[in-house]
Amino acid sequence: MTLEEKKDLMVAMGLSEKTADWYLQYESDVWAVLPTFRFLKPLSDDLEFYKGGYRKMLEKRIEDGTLDKRFPIVAALRKEGASLETIEKFAYDLMFEAYESLLYHLDDPEGAEVDDCFLGEGFSRCNHGQLAEMGPDGYPTGRFLMEVHGKIPFSELNEINED
């Protein structure tokens with residue numbers, strides 16, 4: 001696949017051309033850029049939902065009378081005076097922090113945090129995993145997904161790279 005074809009797919013996923021170009025400069029024998037963003041696309045979409053979609057869903061649950069049953073914590077927050085906008089922002093922040101933490105740990109194939117927690121255990125001598133690109137045949141290509149943390153949501157990547 002050519003870089004231009006990869007760029008077209010990244011744009012179709014929601015990245016701007018400028019952002020796609022910026023990341024594709026790192027495409028190499030080691031780093032697989034398009035698979036990185038393909039892996040992250042569903043997570044980015046989930047986060048984008050919390051920028052208006054979650055509030056709209058809650059409004060529907062209020063309207064149809066199912067908020068208390070479906071989202072009892074949200075209902076309790078509403079009774080305490082929290083606005084739907086505040087609840088949505090809080091939910092977004094929680095999702096974002098959880099995703100970032102998980103993605104950060106996926107990017108740490110050496111398990112530095114494990115070594116820090118279990119000093120003297122020698123985890124550095126253990127095998128470890130790393131996110132790797134798989135080819136259409138289902139076998140590893142030898143390239144790795146590049147630094148998956150810090151790359152969601154895509155809309156914020158576009159804002160950074162448009163400056």
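This report walks through the salt bridges, the sheet, the aromatic pairs and the surroundings of one helix residue in a predicted model.

## Salt bridges: the long-range one

Searching the whole structure turns up 12 salt bridges. One of them joins the side chains of Arg143 and Glu27, with N and O 2.8 Å apart. The pair ties together distant parts of the chain: Arg143 sits in strand β3 (residues 140–145), Glu27 lies in the loop between α2 (17–24) and β1 (31–32), and 116 residues separate them.

How exposed are the two partners? Arg143 is buried, at a relative accessible area of 13%. Glu27 is buried as well, with a value of 18%; the cut-off for buried is under 20%.

## Salt bridges: two local ones and a network

Now for a couple of bridges between residues that sit closer in number. Glu48 and Lys51 form a salt bridge whose closest N and O atoms are 4.0 Å apart. Glu48 is partly exposed, with 27% relative accessible area, and Lys51 is also partly exposed, at 41%.

Arg55 has its own salt-bridge partner in Glu59, the closest N and O atoms being 3.2 Å apart. Both residues belong to helix α4 (residues 53–63), and because they are 4 residues apart there, about one helical turn separates them. Glu59 is partly exposed, with a relative accessible area of 34%. Elsewhere, salt bridges with shared partners connect Lys6, Glu27, Glu133 and Arg143 into one network. That brings back Arg143 and Glu27, the buried pair from above.

## The sheet

What order do the strands take? The open sheet has 3 strands, arranged β1-β3-β2, and the pairing is mixed. β1 and β2 (132–134) are the edge strands, each pairing on one side only.

Strands of a sheet pair through backbone hydrogen bonds, and they can do so in a parallel or an antiparallel way. Here, β2 and β3 go antiparallel, over 2 bridges. For a spot to look at, try Ala132, which stands opposite Phe144 in β3. Strand β3 is also where Arg143 of the long-range salt bridge is found.

## Aromatic pairs

On the aromatic side, the structure holds 8 pairs. Take Phe49 and Tyr54: their ring centres are 6.1 Å apart and their planes meet at 75 degrees, so this pair is edge-to-face. The two residues differ in burial, as Phe49 is partly exposed at 34% relative accessibility, whereas Tyr54 is buried at 9%.

There's a cluster to look for, too. Trp22, Tyr23, Tyr26, Phe37 and Phe154 come together as one aromatic cluster.

## Around Ile87

Ile87 is found in helix α7 (residues 84–106). Is this residue buried or exposed? Ile87 counts as buried, because its relative accessibility is 5% and buried means under 20%.

Which residues does Ile87 touch? Leaving out residues up to four places away in sequence, Ile87 touches Tyr54, Leu58, Val74, Leu77, Arg78 and Ala82. Tyr54 in that list is the ring partner of Phe49. Arg55, the salt-bridge partner of Glu59, can be placed relative to Ile87 as well: the two are 32 residues apart in sequence, and their C-alpha atoms are 8.0 Å apart in space.

Definitions and conventions:
Residues numbered from 1 in each chain as written. Predicted model: local features only at pLDDT ≥ 70, side-chain atom pairs only at ≥ 80, totals over all residues. Heavy atoms only, no water. Buried < 20%, exposed > 50% of the residue type's maximum accessible area, 1.4 Å probe, protein only. Pairing = 2+ DSSP bridges. Phe/Tyr/Trp six-rings, centres within 6.5 Å; stacked < 30°, edge-to-face > 60°. Contact = heavy atoms within 4.5 Å.
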